[in-house]
Amino acid sequence: MRIYRHLYQLWLKLKESTWVFAYELKRIFTDPGVVVIFIVASLAYPVLYNFIYWKDNIENVPVAVVDRSNSPESRSFLHRWDACPDVTLTDYCCSMSEAETLLRDQKVHGIIYFPDDFAQALGSGMETAHISLYCDMSSFLYMKAIYLSCNQVMLESMRGVQIDRYEAMGIDQEIAWSLVQDAPYTETALFCPTGGYAAFLIPAVLMLILHQTLFFGICMLGGTAREENRELFLLPGRRRADSVLRIALGRGAAYFLIYIILGVFVLLLVPRLFHLPHIGNWYDVMRMYVPFLLATIYFSMLVSTVIRNRESGIVLLISTSLIFLFIAGVSWPQQMLPRPWVYLSYFFPYTWGVHGFLHINSMGATLAGTSREYIALWLLAAGYFLATCLMLWLLGRLSEKKGADWLSRKSGVITSVR
Amino acid sequence: MAFFRTIGRVVKRELRRMMIRPLYLFASVGVMVLCTFFFLTIMQKGAPERMPVAVVDKDHTAISRRLCHEMEATSSVTIALVTTDYTEARRAMQRGEVYGILEIPDGFYADLVAMKRPELHFYLNNAYTVGANTAYKQLLTMCNLTSGAFQREVLRKKGLPDYLIMKRIQPVAIEAHMIANPWGNYAIYLVSTILPGILGLVVLMLTIFAIGFELKTRSSHDWLRTADHNYTIAMIGKLIPYTVLYLVLGISCSLILFRFLHFPVNGSLGRLMLGMVLLVFAMESMAITIIGLLPTLRDAISIGALYGMLGFSLSGFTYPVMNMLPPFQALANLEPLRHYYLIYVNEALMAAPAINSLPHMLALCAFFVPALLVSRRLYHALVYQNYPLK
């Protein structure tokens with residue numbers, strides 16, 4: 001019988017967390033600032049970023065030509081290169097200095113130079129003919145587009161030249177072909193066949209948007225509660241240290257409800273609407289998203305306990321968006337990060353969440369195939385939940401000891417600074 | 001004299017406010033030190049090295065092992081997995097453990113010497129572009145070298161001397177010149193714009209906060225009283241301490257990058273630093289504009305964050321502006337970071353004459369105009385305090 005009574009007591013306590021849940025929802029929806037961050041930002045940003053990176057691949061990078069050789073060979077090279085989607089040959093210059101001026105004025109982003117002896121070197125059958133290529137390094141995407149396409153054209157024309165030379169030596173054409181390319185190769189770009197910039201970056205940015213809006217929204221709610229000295233995160237009329245578990249559960253559930261709906265839009269709908277990679281199973285994506293969401297909620301709640309003002313969180317932490325993106329090892333390979341940063345990154349839900357999402361959504365892995373991230377996210381969620389409870393308990397104890405308005409006094413809003 | 005004395009009073013008041021709230025120093029000095037340290041340490045190697053790839057070796061002969069050894073000997077890739085099963089390698093790729101897979105088919109060696117042209121296959125993980133590109137370049141080189149090596153052996157057997165063989169194997173060569181960054185160093189490329197961008201963001205957010213907090217705590221009357229009810233004096237006096245701080249941060253950031261770490265500056269470092277100074281002023285002006293248009297701290301901060309974060313994308317240092325949709329090409333001009341980036345390209349990379357940077361410097365100065373236009377509205381907000389607090 002006794003155990004039933006205990007269970008009943010527990011049930012009564014848990015029932016109060018539904019009250020906290022409803023109260024927190026009311027707080028969110030009556031606060032326009034939080035609504036803007038939670039809902040408007042997480043709906044608008046994904047769309048906005050897709051429009052910014054609309055064209056995905058770099059096309060038609062303007063290139064200047066300095067053709068001193070002025071031969072059929074150089075012209076056929078240029079024709080073939082101009083046919084590549086990556087570049088457009090916009091200017092034919094008489095001298096290098098003319099082309100340099102164009103590059104300096106950013107009218108073109110590359111120069112190709114054929115020396116005087118290009119055709120002779122090819123014709124002699126003994127020499128290596130040189131082509132000089134100058135790339136604008138102001139964006140690596142220019143360099144990539146110019147260099148890779150030029151390299152492909154060079155390999156193509158090189159093979160043609162080689163075949164001609166072997167034939168001139170009296171070698172049969174078929175044998176010449178197998179000499180020139182004895183081990184041909186096929187290249188397959190998996191998961192994102194066009195190799196576009198948007199298809200690579202935006203899935204990672206989608207997770208970052210969810211993470212950061214949740215993070216700043218919760219910081220803002222925490223700061224507001226503190227400024228208004230609203231029994232901060234605590235049940236009114238209760239002994240503060242007592243009700244920590246109910247608070248953490250109830251508030252977490254409110255954010256969870258909002259973000260599970262937003263997650264469906266951002267992670268499932270947006271990739272389909274904007275033709276981003278989405279070869280994964282949607283159910284697996286959502287199953288990965290649940291622990292990510294919980295870990296992010298409690299991570300943000302933990303941080304928000306030290307935020308004193310409504311706005312100070314966003315002012316102080318706005319630059320973390322870039323740090324999260326780079327430390328997670330998405331835009332810069334994880335293998336290149338110094339070890340201490342990698343270990344630090346393990347504590348951020350974003351690191352695991354973004355890799356999990358990329359593995360499932362972009363690379364078609366199953367949940368079992370990316371279990372490392374899945375387990376790590378659950379561990380983080382549990383860890384941050386406990387840490388949040390501990391921190392709330394501590395704050396409750398402190399404000400019991402130091403007087404009811406201790407929390408808001410430190411926010412400096414009620415008593416204005418002179 | 002009275003003018004300077006009043007400004008001095010406002011500056012003193014502002015310094016006191018700065019000292020009381022640790023936020024100002026944390027969000028400026030703290031953030032900049034952390035970000036400088038972070039971005040310079042993660043990119044200290046410059047270019048990606050030893051990217052893990054998998055080899056599916058179905059051939060298991062001396063030649064396939066030699067291919068592996070030679071691949072391992074290069075600096076850009078390392079072999080993380082050797083297997084005979086493609087599915088296993090693909091799973092490793094889906095776990096994010098490898099960036100590329102090289103498949104050597106069964107009977108590769110036998111077909112090679114029989115001149116049956118066996119095919120090598122390689123697969124790239126394009127969901128992680130930087131790693132995949134590095135692996136791609138190396139795998140492409142390896143595949144071409146394999147053909148080259150075989151050709152050399154055959155020609156040697158035919159009795160050709162080595163110096164003639166090399167010219168036959170490579171009759172056309174490209175000499176690539178990567179202007180101002182011959183190493184393809186990512187730190188030089190990214191950090192030179194990211195750090196000024198972060199400083200700009202810090203300036204924007206903190207300036208909005210510093211002004212907006214006066215409105216929020218209803219202390220704006222006190223502020224105006226200190227400045228003898230003169231809006232210009234109040235604003236100048238308030239911004240002086242912050243501006244000094246931001247300029248010190250900006251200049252030291254430039255000195256660390258371009259003097260201490262010797263990032264290339266082919267043009268004039270002076271003009272580049274002038275660009276940095278103008279960036280700080282432009283960001284302050286945008287902050288005044290935003291808080292002037294929306295004299296509520298909450299709204300101004302949210303809009304400021306949206307505007308500031310977009311600067312990184314719209315400045316075009318990763319994804320070129322010329323490739324964006326026309327409306328965004330126009331919008332990019334409204335981001336001060338875009339103009340700073342173009343000044344940086346002119347001065348550091350292109351060594352262009354001063355006249356090329358001038359339009360962008362003028363554009364940065366043009367950001368003062370909206371700040372002046374909203375001054376009346378902001379003054380009214382300070383006097384009447386007629387906007388919501390929260």
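This is a walk through a predicted model with chains A and B, from confidence to domains, helices, strands and the contact between the chains.

Let us begin with how far the model can be trusted. Chain A has a mean pLDDT of 84, with 93% of its residues at 70 or more. Within chain A, confidence peaks in helix α10 (residues 282-304), at a mean of 92, and is lowest in helix α16 (residues 406-411), at 61. Over residues 414-418 of chain A the pLDDT falls below 50, and this stretch has 10 contacts in the model beyond near neighbours in sequence. Where pLDDT is low, the predicted coordinates should not be read in detail.

Next, look at how the chains are divided. The domain assignment splits chain A into domain 1 (13-54 + 194-401) and domain 2 (61-180). Notice that domain 1 of chain A is written as two segments. The C-alpha centres of these two domains of chain A lie 50 Å apart. For chain B, the assignment gives domain 1 (2-43 + 185-384) and domain 2 (51-169), and their C-alpha centres are 50 Å apart.

Now find two helices of chain A. Helix α1 (residues 2-29) has 28 residues and reaches 42 Å from its first C-alpha to its last, close to the expected 40 Å. Which residues of α1(A) are buried? They are A:S17, A:V20, A:F21 and A:E24. An α-helix has 3.6 residues a turn, so residues three or four places apart point the same way. Part of the cover over the buried residues of α1(A) comes from α9 (244-273) of chain A.

Helix α8 (residues 197-227) of chain A has 31 residues and spans 43 Å between its first and last C-alpha, close to the expected 45 Å. Here 31 of the 31 residues are buried, so α8(A) is largely enclosed by the rest of the structure.

Turn to chain B and pick out strand β3 (residues 100-104). Why is this strand described as largely enclosed by the rest of the structure? Because 5 of the 5 residues of β3(B) are buried. In a regular strand the side chains alternate between the two faces of the sheet. In β3(B), B:G100, B:L102 and B:I104 point one way, while B:I101 and B:E103 point the other way, and all are buried.

You can follow the pairing from here. Strand β1 (residues 51-57) of chain B runs parallel to β3(B), joined by 5 bridges, and B:V53 has B:G100 as its bridge partner. Strand β4(B) runs antiparallel to β3(B), with 4 bridges between them, and there B:G100 is partnered by B:L124.

For a contrast with the buried strand, try B:D85, in the loop between β2 (77-83) and α4 (86-94) of chain B. B:D85 counts as exposed because it has 10 C-beta neighbours inside 10 Å. Its C-alpha atom is separated by 16 Å from that of B:T61, which is 24 residues away along the chain.

Finally, see how the chains meet. Strand β4 (residues 120-125) of chain B also pairs with strand β5 (residues 185-190) of chain A; the two run parallel and are joined by 6 bridges. One such pair is A:T186 with B:H121. Altogether, 94 residues of chain A are in contact with 95 residues of chain B. Helix α6 (residues 140-168) of chain A gives the most to chain A's side, with 15 residues. That side is made up of 54 nonpolar, 27 polar and 13 charged residues.

Terms used: Residues are numbered from 1 along each chain as its sequence is written. Chains are lettered from A and ligands numbered from 1 in the order in which they are written. This is a predicted model: local features need pLDDT of at least 70, side-chain atom pairs count only at pLDDT 80 or more; totals for chains, interfaces and linings use all residues. Two residues are in contact if their C-beta atoms, placed from the backbone, lie within 7 Å. Ala, Val, Leu, Ile, Met, Phe, Trp, Tyr, Cys and Pro count as nonpolar, Asp, Glu, Lys and Arg as charged, and the others, Gly among them, as polar. Two strands pair if DSSP finds at least two bridges between them. pLDDT is the predictor's confidence in each residue, from 0 to 100. The expected span of a helix is 1.5 Å times one less than its number of residues. A residue is buried if 20 or more other C-beta atoms lie within 10 Å of its own, exposed if 12 or fewer, and partly exposed in between; C-beta atoms are placed from the backbone. Domain bounds come from an automatic or database domain assignment.
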